[in-house]
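This report covers an interface between two chains, a metal site and two points of backbone geometry. The sequence and the structure are shown first.

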Amino acid sequence: MINIYLPYRLGQQIEHHDPIAVSATTIKTALQQLLRQYPQLDSSIWVDARTQQLTGYTQLFVNQQQVTDLDAQLQAGDQLHLVQAMAGG
Amino acid sequence: MTASLSTLEIARLTRQIDLPEIGLAGQQQLKNATVAISRVGGVGGTVAAALARAGIGHLIIVHGGKVDAQYLNRWQLATAADQDQVTVDVFGKHLRQINPTMQITSYHENISPARAPILLASADVIVDGAPLFEERYAINAAAIAQRTPLVSGAMYGHEGYVTTIIAGQTPCLACLYPHKPDYWVDHQVFPVLGACPGMIGSLMAMEVIKLIVGFGQLLTRRLWHMNLLTYDMNLLTVERNRHCTVCATVEEIP
Ligand SMILES: [Zn+2]
C-alpha cells in the first residue's frame, strides 16, 4: 500500500487528516485511487480531470524527494506527500 | 555600518555569544546586517521580534494598513491597545522596546512589483511573510534579480513550510509553485491560530541568523514542512524548474 499525505486544507474538505492508503504502482494511479474515494478533491489536484495535469500550486514528494513525473513508479510502503502553495502569514 | 558592540549590547547578548557558532565575531556580523521583512504579521512579526532580540543591526519593515482586532491572535508586535494605529509605527514602538539600538527603516505600504526592487535593494537577507501571492511573487522576482537570499515561510491552518531561496542555487517560489491557488483571493482566506505562524517565524529567524553568520545546515534545496494537527514533519528536497519564468536563465551555482 501507498500512504498519501494531504495538505491540511484538503484534509478539512474530506474531514480526514490521517494518511490515506491506496494500492497503486505509479503516482498517477495513486492519485486516481485517491480521487475515486474523494472525487470532491478533483479540482484541487487536476487542472482538468480529463488531461490529468497537476495544478500549478501542487508539489509531489515520494519519501521526501520531489517528483514531477506522474508516471514515476511507486513501491509498497512509499509515502506520497502533496504539498500545496500557501501564503498565510 | 561597522559600529562595534557596546558593553550594554554584549551584556544583553552574552548568552548567545556563548554559543561557539556565534561568539563575538558572529554577533558583530549580526550587528552589521540589514534584513528586510515584507509584512510583519504573524510570521514576519515573529521573525522581526526574534531578530531584534538576537541583535540584528538594521531591520527594514514593509507593511501597509492599520492594526485590526482580527490580527491580535497572532501578531507578536501589536497589543489590544494598538488597535487602529498605523502598523509600522506600532511595530517600531515594540521593536525599540526589545532592542533600543537597532536601526529601523519603515515603509507603510505593501510590496508591489514596481516597489520591491527599491525597498529591498539594501537588504543582506530578505524575509517573506506576506499573505498574498501577488506580493510573494514580487518579492521572489526582486530577490532573484538582485541575488539576495530570501527566507520564505507560509502557513494555512495548522500547516506550514519554510525554504531558503538563493538565485542559481535553489528553486525559487515560481519554480515550486508557478500558479497561486484559485481560492487565495485576499488576505483573509486562511484560518490561523497564533502558535502556527509563531513556529514558522521562529524557524525563519534561525535561518536568517545562520545565513548571516554562516553556520549549520540551511534550508537550501529543502522545504521544511509541518502539519501541527498530525505532527507530520518533513524535510523535503526541492529542485529548480528548468522552465521557470523567473529564474531559468540564472546560471547554476554548484
Ligand atoms: Zn525559479
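Which residues coordinate the zinc ion, and through which atoms? In this predicted model, the zinc ion is held by the SG atoms of Cys172(B), Cys175(B), Cys244(B) and Cys247(B), at 2.2 to 2.3 Å. The site is tetrahedral, with angles of 93 to 122 degrees among its 4 donor atoms. For reference, the ideal angle for four tetrahedral donors is 109.5 degrees.

Along the chain, the donors of the zinc ion are spaced as C-x2-C-x68-C-x2-C. Distant parts of the chain are linked in this way: Cys172(B) lies in the loop between strand 6 (159-165) and helix 7 (173-176) of chain B, whereas Cys247(B) belongs to the segment after strand 8 (232-237) of chain B, 75 residues apart.

The interface between the two chains is described next. On the side of chain A, 22 residues are in contact with 43 residues of chain B. About 2,700 Å² is buried between chain A and chain B, and carbon and sulfur atoms account for 59% of it. Within chain A, the residues that lose the most area to chain B are Tyr8(A), Met86(A) and Gly89(A), which together make up 28% of what that side buries.

Polar contacts join 16 residue pairs between chain A and chain B, counting pairs with both residues at pLDDT 80 or more, while the count of salt bridges between these chains is 0. Four elements of chain A each supply at least two residues of the side that touches chain B: helix 1 (8-14), strand 5 (58-62), strand 6 (65-67) and strand 7 (79-84). By class, that side of chain A has 9 nonpolar, 12 polar and 1 charged residues.

Two residues other than glycine have a positive phi, and the table gives their values and places.

| Residue | Phi | Place |
|---|---|---|
| Gln52(A) | about 50 degrees | loop between strand 3 (46-48) and strand 4 (53-54) of chain A |
| Asp84(B) | near 70 degrees | loop between strand 2 (58-62) and helix 4 (87-98) of chain B |

Definitions and conventions
Residues numbered from 1 in each chain as written. Chains lettered and ligands numbered in written order. Predicted model: local features only at pLDDT ≥ 70, side-chain atom pairs only at ≥ 80, totals over all residues. Heavy atoms only, no water. Contact = heavy atoms within 4.5 Å. Buried area = accessible area lost by both parts, 1.4 Å probe. Salt bridge = Lys/Arg side-chain N within 4 Å of Asp/Glu carboxyl O. Polar contact = N/O pair within 3.5 Å; in protein donor to acceptor, adjacent residues only side chain to side chain. Nonpolar A, V, L, I, M, F, W, Y, C, P; charged D, E, K, R; others polar. Donors = N, O, S within 2.8 Å, 3.2 Å for Na, K, Ca; no water. Tetrahedral: all angles 85-135°; square planar, octahedral: opposite > 155°, others 65-115°.
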